[in-house]
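Okay, thanks for coming, everyone. Let me put the structure up and then walk you through a few parts of it.

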Amino acid sequence: MISLLEIKTEKPVQVIDITRQVSDAAKESGVLEGLCLVYTLHTTTGIVINEAESGLVQDLTRRLSSLAPPGDGYLHDRIDDNAHAHLQAVLLGNCQTIPIEDGCLVMGTWQRVLFIELDGPRRRNVCLKVIPAHAE
């Protein structure tokens, strides 16, 4: 079963920790062993697993902006002026897969599931799919 996590972003660039919601979806699925796929349905957002420490989050968004800065003469900007957000999203990726063991996400101490908005503010959807390792 697929569940949708609805996110309302408030800033042009925003990092939102969705670990609790992903963990809750994994637990509610009843799957004891398997995988949890976290997939953004948008081409100007990303999903990463990393620390949610505020300094690192600022470093991440600053580095993304330097790698694909707004207004750098992109051809796509002729359409809707957000090519930089698409390019930054390509660098991040649109999904993560997390193991589930004993009904819980298998993650390191500091690992968090982070949704990254690159063209906000907007209403966004993240698809969560829990896949059992075998029939339970």
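**A walk around the model**

So, let's begin with helix H1: the face turned away from its buried side carries the exposed residues Arg20 and Glu28. Keep in mind as we go that this is a predicted model.

Now the other side of H1, which runs over residues 19-29. Its buried residues are Thr19, Val22, Ser23, Ala25 and Ala26. If you look down the axis of H1, those buried residues fall within an arc of 160 degrees, so they line one face of the helix. That fits the textbook picture: an α-helix has 3.6 residues a turn, so residues three or four places apart point the same way. Just after H1 you come to Gly30, with a positive phi of about 80 degrees.

H1 also matters for the next stop, the largest pocket. Its volume is about 170 Å³. What lines this pocket? The residues are Met1, Ile2, Ser3, Ala25, Glu28, Ser29, Val31, Leu128 and Val130. Strand E1 (2-8), H1 and strand E8 (123-132) are the elements that give two or more residues to that lining, and H1 supplies the largest share, three residues. Sorted by class, the lining has six nonpolar, two polar and one charged residues.

On to the sheet. Five strands make an open sheet, in the order E1-E8-E3-E5-E6, with antiparallel pairing. E1 and strand E6 (104-105) stand at the edges with a single partner strand each, so one side of each has no neighbour in the sheet. Further in, E3 and E8 pair in the antiparallel sense over seven bridges, and Gly34 stands opposite Pro132 in E8.

There's another pairing to point out: strand E2 (residues 14-17) has a covered face with Gln14 and Ile16, and an uncovered one with Val15 and Asp17. In a regular strand, after all, the side chains alternate between the two faces of the sheet. E2 pairs with strand E7 (residues 112-117) in the antiparallel sense, over four bridges, and Gln14 stands opposite Glu117 in E7.

Last one: Thr44, in the loop between strand E3 (34-40) and strand E4 (45-50). Is Thr44 buried or exposed? Thr44 is buried, because its relative accessible area is 4%, and the cut-off for buried is under 20%. Leaving out residues up to four places away in sequence, Thr44 touches Asn82, Ala85, His86, Ala89, Ile116, Glu117, Leu118, Asp119 and Arg124. So Glu117 turns up twice: opposite Gln14, and in touch with Thr44.

Methods:
Residues are numbered from 1 along each chain as its sequence is written. This is a predicted model: local features need pLDDT of at least 70, side-chain atom pairs count only at pLDDT 80 or more; totals for chains, interfaces and linings use all residues. Side-chain values use heavy atoms; hydrogens and water are left out. Buried means under 20% relative accessible area, exposed over 50%, partly exposed in between (1.4 Å probe, protein chains only). Contact means heavy atoms within 4.5 Å. The arc is that of the directions from the helix axis to the C-beta atoms. Two strands pair if DSSP finds at least two bridges between them. On a 1 Å grid over the protein atoms alone, a cavity is a set of points where a 1.4 Å probe fits but cannot get out, and a pocket is an open set with protein on both sides within 12 Å along at least five of seven lines; lining residues have an atom within 4 Å of a point. Grid points are joined across faces, edges and corners, and a volume is the space filled by probe spheres set on the points. Ala, Val, Leu, Ile, Met, Phe, Trp, Tyr, Cys and Pro count as nonpolar, Asp, Glu, Lys and Arg as charged, and the others, Gly among them, as polar.
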